[in-house]
Amino acid sequence: FLTDESEPVLRNAVENVKLNDLGTTARVRRLDWLAYPAALQRFLALADSLCVEAFSCGTTGCASENGGDGEEPAGASKSKEPVVPTDVRGDNDAGQGTTWGDGFSWAVEDVHELSQCTLVLGADVVYDVRATDALVHLLADLLRSLPHTAVALVALERRINFHLPSLSARAVAADHFAAKLREPANQLCAERIPIDFEQRFAYERVAQLELWRITTSRTVEPVEASEDQCR
């Protein structure tokens, strides 16, 4: 899926899909971090309601919120893959098949395919504090709802500006992004990836470039996160 909120950007993405002959494998969909599409809201809500049986159960059973003994509740699924909701509708779907609307709406088929996604990519998406809050919230919601192997890779450039409150040059948006990732409520594990690996295509690798690997700390297998894994 290729996503954005701006219609001109979405139409440009459609042209890129056509030029690269990716029409059968890539879909362009509208996604506003500040207001999830209705179909995505329903998927996330249903997936989260199934977290006990789909996301919190490891080989040793499930730890209950009220401090239970860790035994698996009756009827809980032992599958390591998320349960795919069967009653999620598309954004414009009244229950009688799929309605595509303006061509960028999320259809029921999209949501079912999204439920199997294991890789989320973001590039140059950290630039504004309010939008960054929404992005981290979306990543937390999404990663908890995807297969337990799902990972997000986010590339950003530290945009350094003069910061009036501190009277210093700071990358406010990038620092805020890192701080939000560390908030316990988001249940995320994030690590900076060293960018000393081989370049696979030509681009300017500036000193301000950062690459983050993000996963959910709500893993299927019970593990203790070390400081190296979550910081």
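1. Gln187 sits in the loop that runs between α6 and β7. Its phi is near 55°, a positive value in a residue that is not glycine. With a relative accessible area of 30%, Gln187 is partly exposed. The model in which this residue is placed is a predicted one.

2. Asp21 also deserves a look. Its phi is positive, about 55°, although Asp21 is not a glycine. Asp21 belongs to the loop between α1 (7–19) and β2 (28–30). Its relative accessibility is 67%, so Asp21 counts as exposed, the cut-off being over 50%.

3. On confidence, the chain has an average pLDDT of 75, and 70% of the residues score at least 70. Residues 51–101 have a pLDDT below 50, and the model gives this stretch 101 contacts beyond near neighbours in sequence. Residues 219–229 also stay under 50 in pLDDT. For residues 219–229 the model has 19 contacts beyond four places in sequence. Contacts of these two stretches should be read with those scores in view.

4. Overall make-up comes next. The chain contains six helices and eight strands. Read from the N terminus, the order of elements is β-α-β-α-α-α-β-α-β-β-β-α-β-β. The chain has 231 residues, and 36% of them count as buried. Among contacts in the chain with a separation of 6 or more, 68% are between residues 24 or more positions apart.

5. Which strands form the open sheet, and in what order? Four strands do, in the order β3-β4-β8-β7, with mixed pairing. The edges are held by β3 (119–123) and β7 (188–192); each has a single partner strand, so one side of each lacks a neighbour in the sheet. On average, neighbouring strands of the sheet are turned by 20° against each other, direction ignored.

6. The pairings can be taken in sheet order. β3 and β4 (residues 151–157) run parallel and are joined by five bridges. Within this part of the sheet, Ala123 stands opposite Ala155 of β4. β4 and β8 are antiparallel and pair over six bridges. Glu157 has Leu209 in β8 as its bridge partner. β7 and β8 are also antiparallel, with five bridges between them. Here the bridge partner of Cys189 is Thr215 in β8. Strands of a sheet pair through backbone hydrogen bonds, in either a parallel or an antiparallel sense.

7. Is β8 largely enclosed or largely open? Six of the eight residues of β8 are buried, so this strand is largely enclosed by the rest of the structure.

8. Two helices accompany the sheet. Helix α5 (residues 129–145) lies across β3, β4, β7 and β8 (209–216), and runs at about 40° to β8. Helix α6 (residues 172–182) packs on the sheet and touches β4, β7 and β8. The direction of α6 makes about 20° with that of β8.

9. Helix α5 can be checked for length. Its 17 residues should span 24 Å at 1.5 Å a residue, and the C-alpha atoms at its ends are 25 Å apart, which agrees. Of these 17 residues, 13 are buried, so α5 is largely enclosed by the rest of the structure. At the N-terminal end of α5, Asp128 acts as a cap: one of its side-chain oxygens lies 3.1 Å from the backbone nitrogen of Arg130.

10. What does the side chain of Asp110 contact? It makes a polar contact with the side chain of Arg29, at 2.6 Å. Asp110 lies in helix α4 (residues 108–114). Its relative accessible area is 0%, so Asp110 counts as buried, the cut-off being under 20%.

11. Gln208 is located in the loop between β7 and β8. Its relative accessible area is 29%, and it is partly exposed. Gln208 and Arg159 are 49 residues apart along the chain, while their C-alpha atoms are separated by 7.7 Å. Outside its neighbours within four places in sequence, Gln208 is in contact with Leu156, Glu157, Arg158 and Ile160.

Note on methods. Residues are numbered from 1 along each chain as its sequence is written. This is a predicted model: local features need pLDDT of at least 70, side-chain atom pairs count only at pLDDT 80 or more; totals for chains, interfaces and linings use all residues. Side-chain values use heavy atoms; hydrogens and water are left out. pLDDT is the predictor's confidence in each residue, from 0 to 100. Contact means heavy atoms within 4.5 Å. Two strands pair if DSSP finds at least two bridges between them. Helices (H or I, at least four residues) and strands (E, at least two) are DSSP runs, numbered from the N terminus. Axes are lines fitted to C-alpha atoms, for helices over the stretch in contact, and angles run from 0 to 180 degrees between N-to-C directions. Buried means under 20% relative accessible area, exposed over 50%, partly exposed in between (1.4 Å probe, protein chains only). The expected span of a helix is 1.5 Å times one less than its number of residues. A polar contact is a pair of N or O atoms within 3.5 Å; within protein, one must be able to donate a hydrogen and the other to accept it, and residues adjacent in sequence count only if both atoms are side-chain atoms.
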